[in-house]
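Please take a moment with the sequence and the model before reading on. The paragraphs that follow lead from the surface to the charged pairs, and then to the confidence of the prediction.

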Amino acid sequence: MPAISFDTLAYAKEVEGAGFTRQQAEAFALAQKRLFHEVMSTSELATKLDLNDVHTGLSTEIQDVRTELKTEIQNVRTELKTEIQEVRTELKTEIQNVRTELKTEIQEVRTELKTEIQDVRLETEKLRTDLKAEIQDVRLETEKLRTDLTEKMEANKHEILKWMLGTVVAQTALIVAVIGVAIALVVK
């Protein structure tokens, strides 16, 4: 252990110069010397060689830790890259599966819609056919009614002519009678 020298006389003079008495200054110097002696005897002070050894050891440990951390970081980087690639592959597979499922569902819906559209077309065609048949029935009934009406008008035409002819004859007779009466009245 290296020795540290302590100049008690110089210390005492400094303390005395600060305003203490000579006795107080000597007492402080002796107390300080004992304190340094106890500290030096109970503790180990490091030398430059000790500090260099610690520095070298710490540098080596720091380098070892640095190397370990670099290795650990590289391992973590590699693991993360692998995990990311696995997740990427899983996601691509999942996306492809979803695409396939959606395509299948879309095709099923397309097929269902085509079937429903075909059913609607068939129903529309059936309704069109039924409507044409009903229109044909209405045309036939209308034609029959017209024929019946024409026949009735033809039959009633002779009756109407008879009535009209009778009315004309009656009116003519009435007019001749009125003229005859008027002539008779004038001649008189």
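A nonpolar patch on the surface is formed by Ile-175, Ile-179, Val-181, Ile-183, Leu-185, Val-186 and Val-187, which together have about 720 Å² of accessible area. Patches are made of residues with over 30% relative accessible area and no salt bridge, where like charges are joined within 9 Å and nonpolar side chains (Val, Leu, Ile, Met, Phe, Trp, Tyr) within 5 Å; accessible areas come from the Shrake-Rupley method with a 1.4 Å probe, and for residues only the protein chains shown count as cover. One member of this patch, Leu-185, has its place in helix α3, and Leu-185 counts as exposed because its relative accessibility is 61% (buried means under 20% relative accessible area, exposed over 50%, and partly exposed in between, with a 1.4 Å probe and protein chains only).

The model is a predicted one, in which local features need pLDDT of at least 70 and side-chain atom pairs count only at pLDDT 80 or more, while totals for chains, interfaces and linings use all residues. Residues are numbered from 1 along each chain as its sequence is written, and side-chain values use heavy atoms, with hydrogens and water left out.

Helix α3 covers residues 48-187; helices (H or I, at least four residues) and strands (E, at least two) are DSSP runs, numbered from the N terminus. Ile-62 also lies in helix α3, and Ile-62 counts as partly exposed because its relative accessibility is 48%. The C-alpha atoms of Ile-62 and Gln-171, which are 109 residues apart along the chain, are separated by 149 Å.

The surface also carries a negative patch, formed by Glu-94, Glu-101, Glu-105, Glu-108, Glu-112, Glu-116, Asp-119 and Glu-123. Here Lys and Arg count as positive and Asp and Glu as negative, whereas His and the chain ends are not counted, and the place of a charge is taken as NZ of Lys, CZ of Arg, CG of Asp or CD of Glu. Glu-123 sits in helix α3, and with 52% relative accessibility Glu-123 counts as exposed.

Opposite charges meet as well, for the structure holds seven salt bridges (a salt bridge is a side-chain nitrogen of Lys or Arg within 4 Å of a carboxyl oxygen of Asp or Glu). In one of them, the side chains of Asp-130 and Lys-126 meet at 3.2 Å, N to O; because these two residues are four residues apart in helix α3, about one helical turn separates them. Asp-130 is partly exposed at 32% relative accessibility, whereas Lys-126 is exposed at 52%.

Further along helix α3, how far apart are Lys-157 and Glu-154? They are three residues apart, about one turn of the helix, and their side chains meet in a salt bridge of 3.7 Å, N to O. Lys-157 is partly exposed at 41% relative accessibility, and Glu-154 is partly exposed with a relative accessible area of 40%. Glu-159 and Lys-162 form a salt bridge of 3.6 Å, N to O, with Glu-159 partly exposed at 38% and Lys-162 exposed at 57%. Elsewhere, Glu-16, Arg-22 and Glu-26 are linked in a network of salt bridges.

As for confidence, the mean pLDDT of the chain is 88, and 95% of its residues reach 70 or more, pLDDT being the predictor's confidence in each residue, from 0 to 100. Among the elements of the chain, helix α2 (residues 22-42) has the lowest mean pLDDT, 83, and α3 has the highest, 91. Where pLDDT is low, the predicted coordinates should not be read in detail.
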